[in-house]
Amino acid sequence: MRQSPKSKAVATAKTSIHGLDAPVEVRRHPTARRMTLRVSRTTRAVIVTVPMQCDLDDASVFLNRHLDWVRERLGNLPLPVPFDDGMVMPVRGVLHRVSFTGEAKTRHLVDHGEDGAQSILRVHGSREHASRHLRGWLFEQARRDLDACVLHHAGQLDLRPKRIAIRDQSSRWGSCSTTGVLSFSWRLVLAPQLVLDYVAAHEVAHLAQMNHGPRFWNLVRATMPRMDEAKLWLQHYGTELHRYDAERAG
Ligand SMILES: [Zn+2]
């Protein structure tokens, strides 16, 4: 399942433009006939696709000519939210305030709590490692939820995945390889549980149908009757999930 089309470039160069607060990628593409420009909604990267014979200088001249357009596009994107003390982020669809406690000795590195009406995620250990601990904890939660959902749907449909991989990926919520490996984005754990459950069911169904034809959708609906609700949620709010820890997204 794809979120956005991604061109297959033969060579990608990363660069930066003075005064532009976004990474720039120059992709040489065998079938590109002219230079094109886009801004990724998920990684905030500025992507210049150029024909094979163009070099970096051509690309940066082109980009500089369209800087106002690029700035406007970047300005319209939701702001990235880095992992930090005091940040607010959804976990399983519920907003949590994140607190880096700095406390060294605790049983768990991360624990849940309530402060009045607000849910809190307390991240213990030294503050300099707190964002890494939080990232690790979120991966663990994603793994736990996805393992359970995949097991459930695979059981319903009598299918068997070979392996489940949790990744930091920005182009897809999930994918199914021809060898039966299911891969998922850790960011699904930020979404309401229905959404993660749907993506699990979607990829499990690909074990039987490697396409998006009517038989595929019948399988998904059989094990996930509320799939339309989840698909709508992803369409409307999916991009929002990429704000969190965005600078690391790849
Ligand atoms: Zn799919």
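## Strands 7 and 8 and the sheet around them

In this predicted model, strand 7 and strand 8 (residues 118-123) run antiparallel and are joined by 6 bridges. One of the pairs in this arrangement is formed by aspartate 115 and its bridge partner in strand 8, glutamine 118. On its other side strand 8 is paired with strand 6, this time in the parallel sense and over 5 bridges, and here the bridge partner of valine 98 is leucine 121 of strand 8.

These strands belong to an open sheet of 4 strands, whose order is 5-6-8-7 and whose pairing is mixed. Its edges are taken by strand 5 (88-91) and strand 7 (110-115), each of which pairs on one side only. From one strand to the next, the twist of this sheet averages 40°.

## The hairpin of strands 5 and 6

Strand 5 and strand 6 (residues 94-100) run antiparallel and are joined by 4 bridges, with proline 90 having leucine 95 in strand 6 as its bridge partner. The two strands form a hairpin with 2 residues between them, and in this hairpin arginine 92 takes a positive phi near 50°.

## The sheet of strands 1 to 4

Another open sheet is formed by 4 strands in the order 1-2-4-3, and its pairing is likewise mixed. Strand 1 (11-15) and strand 3 (36-39) each have a single partner strand and stand at the edges, so one side of each is left without a neighbour in the sheet. Neighbouring strands in this sheet are turned against each other by 20° on average, when direction is ignored.

Within this sheet, strand 2 (residues 24-29) pairs with strand 4 (residues 46-51) in the parallel sense, over 6 bridges, and valine 26 stands opposite valine 48 of strand 4. Helix 1 (residues 56-65) packs on the sheet, where it touches strand 1, strand 2, strand 3 and strand 4, and the direction of the helix makes about 125° with that of strand 4.

## Helix 4 against helix 6

Further along the chain, the axes of helix 4 (residues 193-206) and helix 6 (residues 227-237) come within 9 Å and cross at roughly 110°, a crossing that makes helix 4 roughly perpendicular to helix 6.

From helix 4, Leu194, Val195, Tyr198 and Ala201 take part in the meeting of the two helices, and from helix 6, Met227, Glu229, Ala230, Lys231, Trp233 and Leu234. Sorted by class, the residues of this contact are 8 nonpolar and 2 charged, with no polar residue.

## Two domains

The domain assignment of the chain gives domain 1 (11-76) and domain 2 (88-248). The centres of the two domains, taken over C-alpha atoms, are separated by 31 Å.

Where the domains meet, 4 residues of domain 1 are in contact with 4 residues of domain 2. On the side of domain 1 that touches domain 2, the residues divide into 2 polar and 2 charged, with no nonpolar residue.

## The chain as a whole

Taken over its full length, the secondary structure of the chain comes to 6 helices and 11 strands. The C-alpha trace spans about 55 × 50 × 30 Å along its principal axes.

Of the 250 residues in the chain, 28% count as buried. Among the contacts between residues at least 6 apart in sequence, 53% join residues at least 24 apart.

Terms used:
Residues are numbered from 1 along each chain as its sequence is written. This is a predicted model: local features need pLDDT of at least 70, side-chain atom pairs count only at pLDDT 80 or more; totals for chains, interfaces and linings use all residues. Two strands pair if DSSP finds at least two bridges between them. Axes are lines fitted to C-alpha atoms, for helices over the stretch in contact, and angles run from 0 to 180 degrees between N-to-C directions. Two residues are in contact if their C-beta atoms, placed from the backbone, lie within 7 Å. Angles under 35 degrees count as roughly parallel, over 145 as roughly antiparallel, 65 to 115 as roughly perpendicular and the rest as oblique. Ala, Val, Leu, Ile, Met, Phe, Trp, Tyr, Cys and Pro count as nonpolar, Asp, Glu, Lys and Arg as charged, and the others, Gly among them, as polar. Domain bounds come from an automatic or database domain assignment. A residue is buried if 20 or more other C-beta atoms lie within 10 Å of its own, exposed if 12 or fewer, and partly exposed in between; C-beta atoms are placed from the backbone.
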